Amino acid sequence: MLVNRIGFTFFCHGSDSSNISHNQPSVYQDSVNMKDLLALKDKIMNDSVLVEEEPVRNGIKNIELLDLTKFGYEKVPNGEKGDQLLLCRQVSEKSSSMSSSSSSSDEPKVDLELMQMKKRVGLLSGVALIVGTMIGSGIFISPKGVLQSSGSVGLSLIVWSLCGLIALLGALSYAELGTMITKSGAEYAYLQEAFSPLHRILGPIPSFLFAWTSVLILKPALFGVTSMSFAVYVVEPFWGPCGSTDLIVKLVAVLCLFLITFINAYSVSLATKVQNFFTVMKLIAIAIIIGGGAYMLTQGYTEHLETGFEDTTESVSMVALAFYDGLWAYDGWNNLNYVTEEIRQPYKNLPRAIMIGIPLVTICYICINISYFTVLSKQDILLSNAVASTWGEFVLGSAAIIIPISVIMSAFGGANGTCFTGGRVMYVAAREGHLPEVFSYIHVKQYTPLPSLVVSVILSAAMVLFGEIFALIDFFSFTAWFFYGLTMLSLIVLRCTQKERKRPYKVPLFVPIFVLLVSIYLVVAPIIQDPRVEFFYAFLFSISGIVFYVPFVVYKKKLPVMDKITYFMQVVLMVAPSKFVPAE
């Protein structure tokens, strides 16, 4: 076969570098020089080079360039696999000016043996990720779902408290799974670990369908919705009461999406610093609201709180619906498990971050609602489209501008956390062979999952610009709790099938059973409360992934064009295959 290209397939040989003969002093044994690589690619682009192909690790074709010795490169013996031309220094420095220019370069080398996600998330960053993604803009804009369903101030506060407890129990169950299975990807990794060994074909289906639904709908839609909240509050001051056009809001939302994706693609450290900063700003804003409410209480504003349990609903279904609304406000309690591979000392920091973050969010939610009730009646809250702003006008006066600024920061921080965790599902699923492998590649210098981040932001931007993104969230939200429940079931299955496995952190068995029952309710409740054909369509989409699972996972079929796409993305994005390294 004749080709006139060279992909970055050299990166695929990282695990074979140990087989290179140590008697070859001219060879890069553990690293490659990027300028050498690019210069070599340019040099070959104008020539036709005979190649041979054979399958190698990670399903990538190994291209052996048979006539590159004329460029001053030499073949390196590679054990039983025969001679294999790896990227190496030229034998003679005089054979090409490319060698002399690159050898004097100060550009850092890429260590192929270390192509793995780096552990850059500590305890503080872990807490910030949980708090920052759980507390979105909703608590500032419209925290009225629980009050509307419960009917009274007293019952609504009880529901907020119990929802926090349920979220904590669910997160602690995830802590057991995360410290036992130290892979990123949360539900995907746990479903794969629990069910795949049970049957070669049927076992991986739950994890595949989770990846299918999460990658294509849930994560991009959530990322897009959060950016829309950011855009609405950014645009509003420039248009005033007349309002802005939907197009302007959507364009600002898309800019927000790409800015956040750039931050996460550029550096994990930068992304965590951004998350830490905006979480602190969010907590300061919450402290202002709580402090203002406490001051109003000292001034005797207790009229609305004293109504207690007046008008409490007598309908069991309405109370259940209040829990449904409350638990969705706590959604995000599992986000730290998506980046387990990047947590320092996950055996300690994962449970600790959960035990700090979720109670903190619960206290914030309860205190914020109490603060609202100091000056606002139930009717005021139910009729307001921006409860925090209404509260701010009454309590803060001219300083009420703090509230929309707080919403902007809260939305941006939430979007950053969603982007940070969302791309990891695609990354892990691709590494396990459930998605195109190139999505599991990471940048050779920044160690970020660049291909998965790029695909995620494209999907989110498309939903914002052209789709009914809020409808997608409404009709697919029940699938999230379906997979939460399935993950609780996976914990129970692992207790039975892998009894002797090391569990650094372990919860009582009744905890996952209880959360499983709650999950079943949250799947069924919205369908019974408001049965609509759209729920059926969402269900059909979720299971339609089996159409792709059978040929591409079971029979391992591969589209011929995928090789070209892989080569292109490796060259353009400078990414390479990565490997999973268990936590020590």
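**Exercise 1. Characterise the contact between Arg 495 and Glu 176 in this predicted model.**

Solution. The first step is to identify the interaction: the side chains of Arg 495 and Glu 176 meet in a salt bridge, with an N to O distance of 2.8 Å. The cut-off for such a contact is 4 Å between a side-chain nitrogen of Lys or Arg and a carboxyl oxygen of Asp or Glu. The second step is to place the partners. Arg 495 belongs to helix α17 (residues 469-497) and Glu 176 to helix α6, so the pair links distant parts of the chain, 319 residues apart. The third step concerns accessibility: Arg 495 and Glu 176 are both buried. Finally, the contact belongs to a network of salt bridges that links Glu 176, Arg 495 and Arg 503.

**Exercise 2. Locate the partners of the salt bridge between Lys 183 and Glu 432, and state which accessibility class Glu 432 falls into.**

Solution. The closest N and O atoms of Lys 183 and Glu 432 are 3.4 Å apart. Lys 183 is found in the loop between α6 and α7 (187-195), while Glu 432 is found in the loop between α15 (402-431) and β8 (442-443). The two residues are 249 residues apart, and the pair links distant parts of the chain. Glu 432 has 30% relative accessibility and therefore counts as partly exposed.

**Exercise 3. Determine which parts of the chain the pair Glu 342 and Arg 424 ties together, and whether each residue is buried or exposed.**

Solution. Begin with the contact itself: Glu 342 and Arg 424 form a salt bridge whose closest N and O atoms are 2.9 Å apart. Because Glu 342 lies in the loop between α11 (316-329) and α12, and Arg 424 in helix α15, the pair ties together parts that are 82 residues apart in sequence. Next, consider accessibility. Glu 342, at 1% relative accessibility, counts as buried; Arg 424, at 0%, also counts as buried. Arg 424 has a further contact, as it lies over the face of Phe 420 at 4.4 Å from the ring centre. To complete the treatment of salt bridges, the count comes to eight.

**Exercise 4. Derive the relative orientation of helices α6 and α12, and describe their contact by residue class.**

Solution. Helix α6 (residues 153-180) and helix α12 (residues 346-375) pack with their axes 10 Å apart, at an angle of about 170°. Angles over 145 degrees count as roughly antiparallel, so α6 is roughly antiparallel to α12. By class, the contact of α6 with α12 comprises 20 nonpolar and seven polar residues, and no charged residues.

**Exercise 5. Classify two aromatic pairs and identify the members of a ring cluster.**

Solution. A search of the whole structure yields 18 aromatic pairs. One of them joins Phe 210 and Phe 483, with 5.2 Å centre to centre and 75° between the planes, and is edge-to-face. This pair links distant parts of the chain, with Phe 210 in helix α8 (residues 205-239) and Phe 483 in helix α17, 273 residues apart. Both Phe 210 and Phe 483 are buried. Tyr 330 and Tyr 365 form another edge-to-face pair, at 4.9 Å centre to centre and 70° between the planes. Tyr 330 lies in the loop between α11 and α12 and Tyr 365 in helix α12, 35 residues apart. Tyr 330 and Tyr 365 are both buried. As a last step, the cluster linked by ring pairs consists of Tyr 174, Tyr 190, Trp 333, Trp 481 and Tyr 484.

Methods
Residues numbered from 1 in each chain as written. Predicted model: local features only at pLDDT ≥ 70, side-chain atom pairs only at ≥ 80, totals over all residues. Heavy atoms only, no water. Axes fitted to C-alpha atoms, helices over the stretch in contact; angles between N-to-C directions. Helix = DSSP H or I, 4+ residues; strand = E, 2+ residues; numbered from the N terminus. Parallel < 35°, antiparallel > 145°, perpendicular 65-115°, else oblique. Nonpolar A, V, L, I, M, F, W, Y, C, P; charged D, E, K, R; others polar. Buried < 20%, exposed > 50% of the residue type's maximum accessible area, 1.4 Å probe, protein only. Phe/Tyr/Trp six-rings, centres within 6.5 Å; stacked < 30°, edge-to-face > 60°. Lys NZ or Arg CZ within 6 Å of the ring centre and 35° of its normal.
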